[in-house]
Amino acid sequence: MIDADRWISDAAAAHMRTAIGDAGGDEVFFRGRLVGEKVTAVEVLAVGNRGAVNAFVDRVGPGEVMLHNHPSGELRPSDADLDIAGRAGAHGAGFFIVDNSVARVRPVVLPWTPEVFVPLDADDVAGLLGPDGPLAGALPGYQTRSGQIDLCRAIAKRLSGGGIGVFEAGTGIGKSFAYLLPAIRMARANDTTVV
(Lines give C-alpha, C1' and ligand atoms only; values in the text may rest on other atoms or scores of the structure.)
Protein backbone atom coordinates (compact mmCIF):
# COMPACT_ATOMS: atom_id res chain seq x y z
CA MET A 1 0.00 0.00 0.00
CA ILE A 2 1.07 3.56 -0.60
CA ASP A 3 0.65 6.63 1.58
CA ALA A 4 -2.42 8.39 0.24
CA ASP A 5 -0.66 11.76 0.01
CA ARG A 6 1.32 10.36 -2.95
CA TRP A 7 -1.90 10.26 -5.03
CA ILE A 8 -4.53 12.31 -3.17
CA SER A 9 -4.34 15.98 -2.14
CA ASP A 10 -5.00 16.96 1.48
CA ALA A 11 -8.22 18.75 0.51
CA ALA A 12 -9.55 15.76 -1.45
CA ALA A 13 -8.61 13.37 1.38
CA ALA A 14 -10.41 15.59 3.92
CA HIS A 15 -13.54 15.65 1.74
CA MET A 16 -13.43 11.86 1.44
CA ARG A 17 -13.01 11.36 5.21
CA THR A 18 -16.02 13.60 5.85
CA ALA A 19 -18.17 11.71 3.31
CA ILE A 20 -17.11 8.33 4.73
CA GLY A 21 -17.88 9.57 8.25
CA ASP A 22 -21.29 10.86 7.11
CA ALA A 23 -21.96 7.37 5.69
CA GLY A 24 -21.22 5.79 9.08
CA GLY A 25 -18.00 4.26 7.78
CA ASP A 26 -19.74 2.36 4.98
CA GLU A 27 -18.42 2.20 1.44
CA VAL A 28 -18.58 5.42 -0.58
CA PHE A 29 -17.93 5.69 -4.32
CA PHE A 30 -16.17 8.87 -5.51
CA ARG A 31 -15.17 10.43 -8.79
CA GLY A 32 -11.77 12.08 -8.53
CA ARG A 33 -10.39 14.81 -10.75
CA LEU A 34 -6.67 15.01 -11.36
CA VAL A 35 -4.17 17.79 -11.59
CA GLY A 36 -1.02 16.12 -12.82
CA GLU A 37 -0.90 12.73 -11.09
CA LYS A 38 -2.75 13.80 -7.94
CA VAL A 39 -6.48 13.66 -7.18
CA THR A 40 -7.28 17.23 -6.17
CA ALA A 41 -11.09 17.17 -6.02
CA VAL A 42 -13.65 14.44 -5.38
CA GLU A 43 -17.39 14.10 -5.78
CA VAL A 44 -19.56 11.51 -4.02
CA LEU A 45 -21.47 9.43 -6.57
CA ALA A 46 -22.89 6.66 -4.32
CA VAL A 47 -23.08 5.42 -0.74
CA GLY A 48 -23.30 1.69 -0.05
CA ASN A 49 -23.01 -0.59 2.98
CA ARG A 50 -20.13 -2.29 4.82
CA GLY A 51 -19.35 -4.61 1.92
CA ALA A 52 -20.41 -2.98 -1.33
CA VAL A 53 -21.28 0.22 -3.15
CA ASN A 54 -22.74 0.92 -6.58
CA ALA A 55 -20.05 1.89 -9.06
CA PHE A 56 -21.13 4.20 -11.85
CA VAL A 57 -18.42 3.53 -14.41
CA ASP A 58 -20.11 5.70 -17.04
CA ARG A 59 -19.90 8.77 -14.80
CA VAL A 60 -16.10 8.71 -14.65
CA GLY A 61 -14.24 9.79 -17.76
CA PRO A 62 -10.78 9.37 -19.23
CA GLY A 63 -8.09 10.87 -17.05
CA GLU A 64 -10.35 10.77 -13.96
CA VAL A 65 -10.24 8.30 -11.07
CA MET A 66 -12.84 6.12 -9.41
CA LEU A 67 -12.17 5.82 -5.70
CA HIS A 68 -13.90 3.90 -2.96
CA ASN A 69 -13.08 2.87 0.55
CA HIS A 70 -12.87 -0.56 2.12
CA PRO A 71 -14.18 -0.23 5.70
CA SER A 72 -12.20 -3.32 6.74
CA GLY A 73 -8.93 -1.53 5.98
CA GLU A 74 -7.94 -4.41 3.66
CA LEU A 75 -7.10 -2.72 0.37
CA ARG A 76 -6.75 -5.86 -1.74
CA PRO A 77 -9.26 -5.55 -4.63
CA SER A 78 -12.18 -7.98 -4.69
CA ASP A 79 -13.19 -9.76 -7.89
CA ALA A 80 -15.95 -7.16 -8.30
CA ASP A 81 -13.37 -4.38 -7.87
CA LEU A 82 -11.16 -5.92 -10.54
CA ASP A 83 -14.09 -6.24 -12.95
CA ILE A 84 -15.05 -2.59 -12.50
CA ALA A 85 -11.41 -1.45 -12.61
CA GLY A 86 -10.92 -3.30 -15.89
CA ARG A 87 -13.98 -1.72 -17.48
CA ALA A 88 -12.96 1.73 -16.24
CA GLY A 89 -9.36 1.31 -17.32
CA ALA A 90 -10.41 0.38 -20.84
CA HIS A 91 -11.87 3.88 -21.13
CA GLY A 92 -8.97 5.73 -19.52
CA ALA A 93 -10.30 6.02 -15.96
CA GLY A 94 -8.24 5.03 -12.95
CA PHE A 95 -9.43 2.94 -9.99
CA PHE A 96 -8.13 3.42 -6.44
CA ILE A 97 -9.08 1.81 -3.13
CA VAL A 98 -8.52 3.68 0.14
CA ASP A 99 -8.96 2.92 3.82
CA ASN A 100 -11.57 4.82 5.83
CA SER A 101 -9.05 7.32 7.14
CA VAL A 102 -7.77 7.94 3.59
CA ALA A 103 -4.25 7.42 4.89
CA ARG A 104 -3.43 4.53 2.55
CA VAL A 105 -4.29 3.98 -1.09
CA ARG A 106 -3.99 1.09 -3.48
CA PRO A 107 -3.96 2.18 -7.12
CA VAL A 108 -5.51 -0.74 -9.02
CA VAL A 109 -5.58 0.97 -12.43
CA LEU A 110 -3.82 4.22 -13.24
CA PRO A 111 -5.76 6.78 -15.28
CA TRP A 112 -4.75 7.71 -18.79
CA THR A 113 -5.99 10.08 -21.41
CA PRO A 114 -6.68 8.55 -24.80
CA GLU A 115 -4.74 10.11 -27.63
CA VAL A 116 -6.69 12.58 -29.69
CA PHE A 117 -6.56 11.69 -33.37
CA VAL A 118 -6.03 14.66 -35.68
CA PRO A 119 -7.56 13.95 -39.08
CA LEU A 120 -6.14 15.43 -42.25
CA ASP A 121 -7.86 18.07 -44.33
CA ALA A 122 -7.71 16.18 -47.62
CA ASP A 123 -8.16 19.33 -49.72
CA ASP A 124 -5.36 21.09 -47.83
CA VAL A 125 -2.96 18.17 -48.35
CA ALA A 126 -3.90 17.84 -52.03
CA GLY A 127 -3.37 21.58 -52.40
CA LEU A 128 0.34 21.03 -51.75
CA LEU A 129 0.49 19.52 -55.23
CA GLY A 130 -1.54 22.25 -56.92
CA PRO A 131 -0.27 25.07 -59.16
CA ASP A 132 -0.01 27.43 -56.17
CA GLY A 133 1.44 24.81 -53.78
CA PRO A 134 4.95 24.76 -52.37
CA LEU A 135 6.17 22.08 -54.77
CA ALA A 136 5.24 24.20 -57.80
CA GLY A 137 7.37 27.03 -56.44
CA ALA A 138 10.27 24.85 -55.32
CA LEU A 139 10.75 22.47 -58.24
CA PRO A 140 11.76 23.94 -61.64
CA GLY A 141 9.59 22.56 -64.43
CA TYR A 142 6.95 21.26 -61.98
CA GLN A 143 3.74 20.20 -63.68
CA THR A 144 0.42 20.02 -61.92
CA ARG A 145 -1.25 16.64 -62.49
CA SER A 146 -4.94 16.36 -61.70
CA GLY A 147 -4.65 12.56 -61.29
CA GLN A 148 -1.89 13.04 -58.72
CA ILE A 149 -3.97 15.58 -56.81
CA ASP A 150 -7.01 13.27 -56.85
CA LEU A 151 -4.87 10.35 -55.65
CA CYS A 152 -3.34 12.45 -52.87
CA ARG A 153 -6.81 13.60 -51.74
CA ALA A 154 -8.12 10.00 -51.73
CA ILE A 155 -5.14 8.76 -49.70
CA ALA A 156 -5.51 11.62 -47.17
CA LYS A 157 -9.21 10.77 -46.76
CA ARG A 158 -8.43 7.09 -46.20
CA LEU A 159 -5.69 7.86 -43.66
CA SER A 160 -8.11 10.09 -41.77
CA GLY A 161 -11.02 7.67 -41.98
CA GLY A 162 -9.15 4.52 -41.04
CA GLY A 163 -9.47 1.17 -42.72
CA ILE A 164 -7.60 -0.24 -45.67
CA GLY A 165 -7.12 1.51 -48.97
CA VAL A 166 -5.80 0.15 -52.25
CA PHE A 167 -4.91 2.76 -54.86
CA GLU A 168 -3.81 2.33 -58.44
CA ALA A 169 -2.37 4.92 -60.79
CA GLY A 170 -0.52 4.85 -64.07
CA THR A 171 3.18 5.38 -64.65
CA GLY A 172 4.29 8.99 -64.31
CA ILE A 173 1.23 10.21 -62.40
CA GLY A 174 3.35 11.04 -59.34
CA LYS A 175 2.35 8.29 -56.91
CA SER A 176 5.35 8.89 -54.62
CA PHE A 177 4.40 12.46 -53.76
CA ALA A 178 0.70 11.52 -53.74
CA TYR A 179 1.18 9.06 -50.88
CA LEU A 180 4.20 10.56 -49.12
CA LEU A 181 2.66 13.99 -48.53
CA PRO A 182 -0.44 12.65 -46.68
CA ALA A 183 1.72 10.12 -44.80
CA ILE A 184 4.13 12.82 -43.63
CA ARG A 185 1.29 15.15 -42.66
CA MET A 186 -0.46 12.32 -40.73
CA ALA A 187 2.75 11.40 -38.89
CA ARG A 188 3.46 15.00 -37.91
CA ALA A 189 -0.12 15.89 -36.92
CA ASN A 190 -0.45 12.82 -34.69
CA ASP A 191 3.16 12.43 -33.52
CA THR A 192 3.20 8.88 -34.81
CA THR A 193 5.02 6.66 -37.27
CA VAL A 194 3.59 5.82 -40.66
CA VAL A 195 4.95 2.68 -42.35
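**Strands, salt bridges and a surface patch in a predicted model**

Arginine 31 is buried, with a relative accessible area of 13% (buried means under 20% relative accessible area, exposed over 50%, and partly exposed in between, with a 1.4 Å probe and protein chains only). This is a predicted model, in which local features need pLDDT of at least 70 and side-chain atom pairs count only at pLDDT 80 or more, while totals for chains, interfaces and linings use all residues. Residues are numbered from 1 along each chain as its sequence is written, and side-chain values use heavy atoms, with hydrogens and water left out.

Arginine 31 has company on two sides. Its side chain meets that of glutamate 43 in a salt bridge, at 2.3 Å from N to O (a salt bridge is a side-chain nitrogen of Lys or Arg within 4 Å of a carboxyl oxygen of Asp or Glu). That contact links distant parts of the chain, with glutamate 43 in strand β3 and arginine 31 in strand β2, 12 residues apart. Helices (H or I, at least four residues) and strands (E, at least two) are DSSP runs, numbered from the N terminus. Glutamate 43 itself is partly exposed, at a relative accessible area of 31%. On the strand side, arginine 31 stands opposite methionine 66 in β4.

Strand β4 covers residues 65–69, and 5 of its 5 residues are buried. Neither face is left open: Val65, Leu67 and Asn69 are buried on one side, and Met66 and His68 on the other. Its neighbours run in opposite senses. With strand β2 (residues 28–35), β4 pairs in the antiparallel sense over 4 bridges; strands count as paired if DSSP finds at least two bridges between them. With strand β5 (residues 94–98), the pairing is parallel and extends over 5 bridges, and here leucine 67 stands opposite phenylalanine 96. To get from β4 to β5 the chain goes through helix α2 (residues 79–89), and this β-α-β crossover is right-handed. The term means that, with the strands pointing away from the viewer, the path from the first strand over the helix to the second runs clockwise.

Next comes β6. Strands β5 and β6 run antiparallel and are joined by 4 bridges, with valine 98 opposite valine 105. The two form a hairpin with 5 residues between them. Valine 102, in the loop between β5 and β6, has a positive phi of about 55° although it is not a glycine. Most residues other than glycine have a negative phi. Is valine 102 buried or exposed? Valine 102 is buried, at a relative accessible area of 4%. Aspartate 191 also has a positive phi, of about 45°, without being a glycine. Aspartate 191 sits in the segment after α6 and is exposed, with a relative accessible area of 74%.

Strand β6 (residues 104–109) also pairs with strand β1 (residues 2–3), in the antiparallel sense and over 2 bridges. There, aspartate 3 has arginine 104 as its bridge partner. The side chain of arginine 104 is in turn engaged with aspartate 99 in a salt bridge of 3.4 Å, N to O. Aspartate 99 counts as buried at 8% relative accessibility, whereas arginine 104 counts as partly exposed at 31%. Elsewhere, salt bridges that share partners join Arg31, Arg33, Glu43, Arg59 and Glu64 into one network.

How many salt bridges does a search of the whole structure find? The search finds 12. One of them brings together the side chains of arginine 6 and glutamate 37, at 3.2 Å from N to O. Arginine 6 lies in the loop between β1 and α1 (10–22) and glutamate 37 in the loop between β2 and β3 (38–47), so this pair ties together parts that are 31 residues apart in sequence. Arginine 6 is partly exposed, with a relative accessible area of 39%, and glutamate 37 is exposed at 51% relative accessibility.

Finally, Tyr179, Leu180 and Ile184 make a nonpolar surface patch of about 280 Å². Patches are made of residues with over 30% relative accessible area and no salt bridge, where like charges are joined within 9 Å and nonpolar side chains (Val, Leu, Ile, Met, Phe, Trp, Tyr) within 5 Å. Accessible areas come from the Shrake-Rupley method with a 1.4 Å probe, and for residues only the protein chains shown count as cover. Leucine 180 belongs to helix α6 (residues 175–190) and is partly exposed, with a relative accessible area of 39%.
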